[in-house]
Amino acid sequence: MQFGLLLVTASIAFMVYEAVAGDSSHPDITVQVDATVPTSSGFLVKFRAVNAGGSTVEGLAIEGVLRNGSDVLETSDTVLEWVPAHSEREGGLFFSADPRQYQLQLRAKGYENP
């Protein structure tokens with residue numbers, strides 16, 4: 001019984017500490033390519049979105065642009081529903097052309113506050 005009370009008290013103290021002194025810095029999102037995989041209908045670019053900031057983001061829009069010099073060949077986009085502070089999430093973008101043959105740019109476009 002005393003051990004349970006200790007755990008509950010410690011949990012409450014931790015939540016209060018995080019609310020008062022926790023990292024509440026802005027989101028800091030970077031997007032990096034993990035792999036490019038051929039599929040039956042084109043190519044899948046697997047990526048990782050890393051949130052190094054102290055705020056969680058919701059509905060994180062990710063865009064991939066495939067370029068040949070200054071010409072845009074195609075774009076692909078997706079939304080990651082939830083990326084907590086100091087965490088990472090994985091996703092994928094589909095392209096018809098092989099991204100390994102061109103310049104691929106991935107970026108975070110926007111998010112919502114939870």
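How many salt bridges does the structure hold? There are six of them, a salt bridge being a side-chain nitrogen of Lys or Arg within 4 Å of a carboxyl oxygen of Asp or Glu.

Some ground rules before the exercises. This is a predicted model, where local features need pLDDT of at least 70 and side-chain atom pairs count only at pLDDT 80 or more, while totals for chains, interfaces and linings use all residues. Residues are numbered from 1 along each chain as its sequence is written, and side-chain values use heavy atoms, with hydrogens and water left out.

**Exercise 1. Lay out the chain.**

Step 1: take the elements. The protein chain has one helix and six strands; these are DSSP runs numbered from the N terminus, with helices (H or I) of at least four residues and strands (E) of at least two.

Step 2: read along the sequence. You get α-β-β-β-β-β-β.

Step 3: look at burial. Of the 114 residues in the protein chain, 27% count as buried. Here buried means under 20% relative accessible area, exposed means over 50%, and partly exposed is in between (1.4 Å probe, protein chains only).

Step 4: check the contacts, meaning heavy atoms within 4.5 Å. In the protein chain, 64% of the contacts with a separation of 6 or more are between residues 24 or more positions apart.

**Exercise 2. Work out the sheet that contains E3.**

Step 1: get the order. It's an open sheet of three strands, E4-E3-E6, with antiparallel pairing. Two strands pair if DSSP finds at least two bridges between them.

Step 2: find the edges. They are E4 and E6 (103-112), each pairing on one side only.

Step 3: add the twist, which averages 20° from one strand to the next. Axes here are lines fitted to C-alpha atoms, for helices over the stretch in contact, and angles run from 0 to 180 degrees between N-to-C directions.

Step 4: zoom in on one pair. E3 and E6 run antiparallel and are joined by eight bridges. Val-65 stands opposite Gln-105 in E6.

**Exercise 3. Place Leu-66 in its surroundings.**

Step 1: locate it. Leu-66 is found in strand E3.

Step 2: is Leu-66 buried or exposed? Its relative accessibility is 0%, so Leu-66 counts as buried.

Step 3: list what it touches. Leaving out residues up to four places away in sequence, the partners of Leu-66 include Phe-95, Ala-97, Pro-99, Tyr-102 and Leu-104.

Step 4: follow one of these partners. Leu-66 and Leu-104 are 38 residues apart along the chain, yet their C-alpha atoms are separated by 4.7 Å.

**Exercise 4. Assemble the largest nonpolar core.**

Step 1: fix the term. A nonpolar core is a set of buried Ala, Val, Leu, Ile, Met, Phe, Trp, Tyr and Cys residues joined through side-chain atoms within 4.5 Å.

Step 2: count it up. The largest one has 13 residues, and those with the most contacts inside it include Phe-47, Ala-49, Leu-60 and Ile-62.

Step 3: assign the elements. Strands E2 (42-51), E3 (57-68), E4 (71-83) and E5 (87-95) give two or more residues each to this core. E3 gives the most, with four residues.

Step 4: try Ala-49 as an example. Setting aside neighbours within four places in sequence, Ala-49 is in contact with residues including Val-31, Leu-60, Ile-62, Leu-80 and Val-83.

**Exercise 5. Explain what the salt bridges tie together.**

Step 1: start with Asp-34 and Arg-48, whose closest N and O atoms are 3.0 Å apart. Asp-34 lies in strand E1 (residues 29-39) and Arg-48 in strand E2, so this pair ties together parts 14 residues apart in sequence. Asp-34 is partly exposed at 37% relative accessibility, whereas Arg-48 is buried at 18%.

Step 2: move on to Lys-109 and Glu-63, which meet at 3.9 Å, N to O. Since Lys-109 lies in strand E6 and Glu-63 in strand E3, the pair ties together parts that are 46 residues apart in sequence.

Step 3: take Arg-100 and Asp-98, with their closest N and O atoms 2.9 Å apart. Arg-100 counts as partly exposed at 48% relative accessibility, but Asp-98 is buried at 14%.

Step 4: join up shared partners. Asp-34, Arg-48, Glu-88 and Glu-90 form one network of salt bridges.

**Exercise 6. Describe the backbone oddity at His-86.**

Step 1: place the residue. His-86 sits in the loop between E4 and E5.

Step 2: read the phi. His-86 is not a glycine, yet it has a positive phi of about 55°.

Step 3: check accessibility. With a relative accessible area of 52%, His-86 is exposed.
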